[in-house]
Each structure stands twice: as structure tokens, then as C-alpha cells.
Amino acid sequence: MAEMRTEEEQVEAIKRWWKENGTSLIAGAAIAAAGVFGWNAWQDYQTGQAEAASATYQQVLTLSSQDSLDDGARQRIDELTTSLVEDHGDSLYADLARLMDARVAVGAGELDAAEATLEALVAEGDRPYLQGVARLRLARLQLAGDDAEAALATLDGDLPTPLAAQRADIRGDAHLALGDRDAAREAWQEALSLSETGDQPLYGVQLKLDDLGVEETS
């Protein structure tokens, strides 16, 4: 009987403990389960978003790779790019689509639209290298539009080191367009030096220096 009482007492003790602590245990387990479920749901959502952005960008690539683009295809690329920026603005695909959209706009002779797209990427992007690429392309467009001063201002912005030689090259073009041959020479010499230091061949710069009467440097 003593053993029975002991067992009964143990059962009663367990019942009392469960009455006192069971609710909090269930709540804790529920919270933990909800946390796991929430994290998994968030991961699934993020994966779905990335896949959607990738699929949209693939459409941009497919359309832009055509030998010739009609107005409908050009408009569709612009729409897809806008959708990527609005729905997946913090993704790599949105930045890449902007660069592609600008390139297509240039091909279509829509230079103002291309400049606006590149300016938006420079201002809103958060990937320094792609922002730098956009900055260089924007400066080239401004030069093509006979606005060398604007090109120089654009080139004054932050730029990753791997793009420094290209920036110096375009700076030289801008200075020459403004009639400053000495500044152009200095910029192109800097471009050559940077390209050699970074082991990044930069074609055409030596020819520009030759046209200014500068002997090849080594």
C-alpha cells in the first residue's frame, strides 16, 4: 500500500506540476513552432521572390538579344524593367535590367530615356560596382550629347577601383572636348598607368596620346 500511495502521490504531484506549468510549456512550444514555421515561410517567400525576379530579368535578356527590336519589344523591355524596380528593387536583377534597358534605349536613339535610367541607377542602386558602370555609361552619353561639363561632374562621383582606368580615359575625352589638351593628356596618361597597374588592358588610349604628339610610355 505504501508503494501504491507513493505512486499515487507521484501521479498527483505530476498532475499538480502540469497544472501549474503545462500552460506555459504549451505556449512555449507553440511559439517555437510558430518561429520555425515563420522562418521557413520567410525563406520560401524570399526564394519565390528571387525566382520571380530572375524569370522577369530572363525575359528582358531574351527580348534584348533580338537582332532588331520593334517598338513593341522596346516597350515591353521598359515595362519589365519598371516591374523589376518596383517589385524587386533591392535585387541584383533590377540593377542589371536598368543597365540593359539603358543600352536598348541608346540603340533605339532614345538618349534622354537612357540617361534617365542610368541616373536612377546611380542615385538609387546599392551595388557600388554596378553604380560605377552606370556612372561611366552616363558620362559617355553626356559626352555624346556635347555636354562635357556634365560628364566631368558625373565622373567625380564614387567609383570602385577596378573602374578607375576607364574613368580617367573618359575624363581625357571630356577635357579634350572642352579644348584642354594638357588636362586630356594627363588624364589619358593616368588611364594607361592605372590599366597597367591593374593588369587591365585599355585599348585606344595610346592612340589618343599619339594624336596629341605624346610618345608611347612604358
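In which handedness of crossing does α4 pass α5? The crossing is left-handed, meaning that the near helix is turned anticlockwise from the far one by less than a right angle. This is a predicted model, in which local features need pLDDT of at least 70 and side-chain atom pairs count only at pLDDT 80 or more, while totals for chains, interfaces and linings use all residues. Residues are numbered from 1 along each chain as its sequence is written, and side-chain values use heavy atoms, with hydrogens and water left out.

**The α4–α5 pair**
- Helix α4 spans residues 111–124 and helix α5 residues 128–144; their axes come within 9 Å and cross at roughly 150°.
- That angle makes α4 roughly antiparallel to α5 (over 145 degrees).
- Contacts (heavy atoms within 4.5 Å) join α4 residues including L111, A114 and L118 to α5 residues including L130, A134 and L138.
- The residues of this contact divide into 9 nonpolar, 2 polar and 4 charged.

**The cores**
- The largest nonpolar core (buried Ala, Val, Leu, Ile, Met, Phe, Trp, Tyr and Cys residues joined through side-chain atoms within 4.5 Å; buried is under 20% relative accessible area with a 1.4 Å probe, protein chains only) has 23 residues.
- Two or more residues each come from α3 (92–107), α4, α5, α6 (148–155) and α7 (164–177), and α5 gives the largest share, 8 residues.
- Among the residues with the most contacts inside this core are L99, L118 and A134.
- A134 touches L99, L118, L121 and V122, leaving aside residues up to four places away in sequence.
- A second, separate core of 12 residues includes A73, L84, A94 and V104.

Key. Axes fitted to C-alpha atoms, helices over the stretch in contact; angles between N-to-C directions. Helix = DSSP H or I, 4+ residues; strand = E, 2+ residues; numbered from the N terminus. Parallel < 35°, antiparallel > 145°, perpendicular 65-115°, else oblique. Nonpolar A, V, L, I, M, F, W, Y, C, P; charged D, E, K, R; others polar. Buried < 20%, exposed > 50% of the residue type's maximum accessible area, 1.4 Å probe, protein only.
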